[in-house]
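Please read the report below alongside the sequence and the coordinates. It goes through selected contacts one group at a time.

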Amino acid sequence: MPELPEVETVARTLRPQVQGRCVDGVALFRRSSVHPLSLPLETLTGRTVVDVGRRGKVLLLHLEGPRADNLPDVLAIHLRMTGRLMVHPSDTPTGTHTRCRFALSLDGQDAGHLFFDDVRAFGVLFAGTDELLRHWDFWRTLGPEPLELDAAGLAACLKGRRTAIKAALLNQKVIAGIGNIYADEALFRAGIDPRSPADAVAREAAAPLLEALQGVLRLSIEQCGSSIRDYRDANGNVGAFQNSFAVYGRAGQPCTRCGGTLERLRVAGRATVVCPHCQKR
């Protein structure tokens with residue numbers, strides 16, 4: 001599933017292609033791709049994309065247009081495992097996995113079509129207002145953004161949690177946007193065993209963990225995210241951060257610090273790679 005750096009990259013590459021464009025029409029090919037609480041996607045027609053952003057792993061198209069009740073001012077898109085967004089000049093579906101298509105215009109002229117393709121069909125489209133989004137359990141309970149936290153804020157998120165620190169990092173209610181890749185990479189950078197109790201990390205190592213977490217996320221954003229299998233940005237390009245992995249997917253290989261053998265564990269139900277020498281409880 002795309003994590004914070006991948007969704008941030010999609011937002012940055014999609015923004016110049018849709019910002020200022022008006023939604024002229026919507027063609028929905030799979031109704032189950034729309035969240036049950038969403039306003040009808042047809043209500044997006046006539047509204048203009050003023051910005052593209054992100055909250056955790058959710059992409060946000062911010063909209064403006066005629067002010068009226070029951071009109072959405074944001075389109076939230078949770079890409080989940082295989083969702084992709086790309087703009088094409090033609091309105092012909094890009095394949096059998098196109099779930100929705102948005103016709104765009106700029107100054108009254110055709111500006112292409114935004115396609116939402118999703119092979120596994122786990123992705124979600126949610127057109128709504130800020131108030132309506134707060135009725136979405138996933139959205140309402142999202143934790144703080146890791147790039148906006150300070151050490152005290154991270155410690156507060158982890159305080160009193162007896163679960164493993166990796167489980168806490170993966171919990172979107174604790175911190176938004178972190179998944180398996182960046183949890184493993186950040187914990188290695190910080191020299192923390194992923195099985196360490198989150199409360200102990202809050203008391204003893206919040207600052208180094210935050211520095212490592214933010215460093216990994218920013219470096220990945222600079223390299224346009226990690227492409228393991230399905231992820232592509234809005235231009236169809238792969239990311240490059242997978243070439244910089246220190247531990248993720250490298251079980252059995254030498255540690256980049258000590259040269260020892262990296263080990264595979266299972267933490268919080270997820271495959272986890274650690275260096276038993278460099279990462280301490």
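What follows covers salt bridges, strand pairing, a helix pair and one residue's surroundings.

## Salt bridges

This is a predicted model. The salt-bridge count comes to ten. Three of these pairs are set out here.

| Pair | Closest N to O distance |
|---|---|
| Arg12 and Glu8 | 2.9 Å |
| Arg54 and Glu8 | 3.0 Å |
| Asp51 and Arg15 | 3.0 Å |

Take Arg12 and Glu8. Both residues belong to helix H1, which spans residues 4–18. They sit four residues apart, about one turn of the helix. Is Glu8 buried or exposed? Glu8 is buried, because its relative accessible area is 14% and the cut-off for buried is under 20%. Arg12 has a relative accessibility of 46%, so it counts as partly exposed.

Glu8 also forms a salt bridge with Arg54, at 3.0 Å from N to O. Arg54 lies in strand E2 (residues 48–55) and Glu8 in helix H1, so this bridge ties together parts that are 46 residues apart in sequence. Both partners, Arg54 and Glu8, are buried.

Asp51 and Arg15 make a salt bridge of 3.0 Å, N to O. Here too distant parts of the chain are linked: Asp51 is in strand E2, Arg15 is in helix H1, and 36 residues separate them. Asp51 is partly exposed, because its relative accessibility is 30%. Arg15 is partly exposed as well, with a relative accessible area of 24%.

Which residues are linked in a network of salt bridges? The network holds Glu8, Arg12, Arg54, Arg55 and Glu145.

## Strand E7 and its partners

Strand E7 covers residues 109–118. Seven of its ten residues are buried, so the rest of the structure largely encloses E7.

E7 pairs with strand E5 (residues 83–88). The two run antiparallel and are joined by six bridges. Gly83 stands opposite Asp118 in E7.

E7 also pairs with strand E6 (residues 98–106). This pairing is antiparallel, over seven bridges. Cys100 has Phe116 in E7 as its bridge partner. E6 and E7 form a hairpin with two residues between the strands. In that hairpin, Asp107 takes a positive phi near 55°.

A general point on strands helps when reading side-chain directions. In a regular strand, side chains alternate between the two faces of the sheet.

## Helices H6 and H8

Helix H6 (residues 180–190) packs against helix H8 (residues 206–222). Their axes are 8 Å apart, at an angle of about 130°. H6 is therefore oblique to H8. The crossing of H6 past H8 is right-handed.

Which residues of H6 meet H8? On the H6 side they are Tyr182, Glu185, Ala186, Leu187, Arg189 and Ala190. They meet H8 residues including Pro208, Leu209, Ala212, Leu213, Val216 and Leu217. Gly215, Leu219 and Ser220 are also among the H8 residues met.

## Around Thr9

Thr9 lies in helix H1. Its relative accessible area is 4%, so Thr9 is buried. Thr9 and Gly53 are 44 residues apart in sequence. In space, their C-alpha atoms are 9.9 Å apart.

What is Thr9 in contact with, leaving aside neighbours within four places in sequence? Its contacts are Ile221, Cys224, Gly225, Tyr231 and Asp233.

Note on methods:
Residues numbered from 1 in each chain as written. Predicted model: local features only at pLDDT ≥ 70, side-chain atom pairs only at ≥ 80, totals over all residues. Heavy atoms only, no water. Salt bridge = Lys/Arg side-chain N within 4 Å of Asp/Glu carboxyl O. Buried < 20%, exposed > 50% of the residue type's maximum accessible area, 1.4 Å probe, protein only. Pairing = 2+ DSSP bridges. Axes fitted to C-alpha atoms, helices over the stretch in contact; angles between N-to-C directions. Parallel < 35°, antiparallel > 145°, perpendicular 65-115°, else oblique. Left-handed = near helix turned anticlockwise from the far one by under 90°. Contact = heavy atoms within 4.5 Å.
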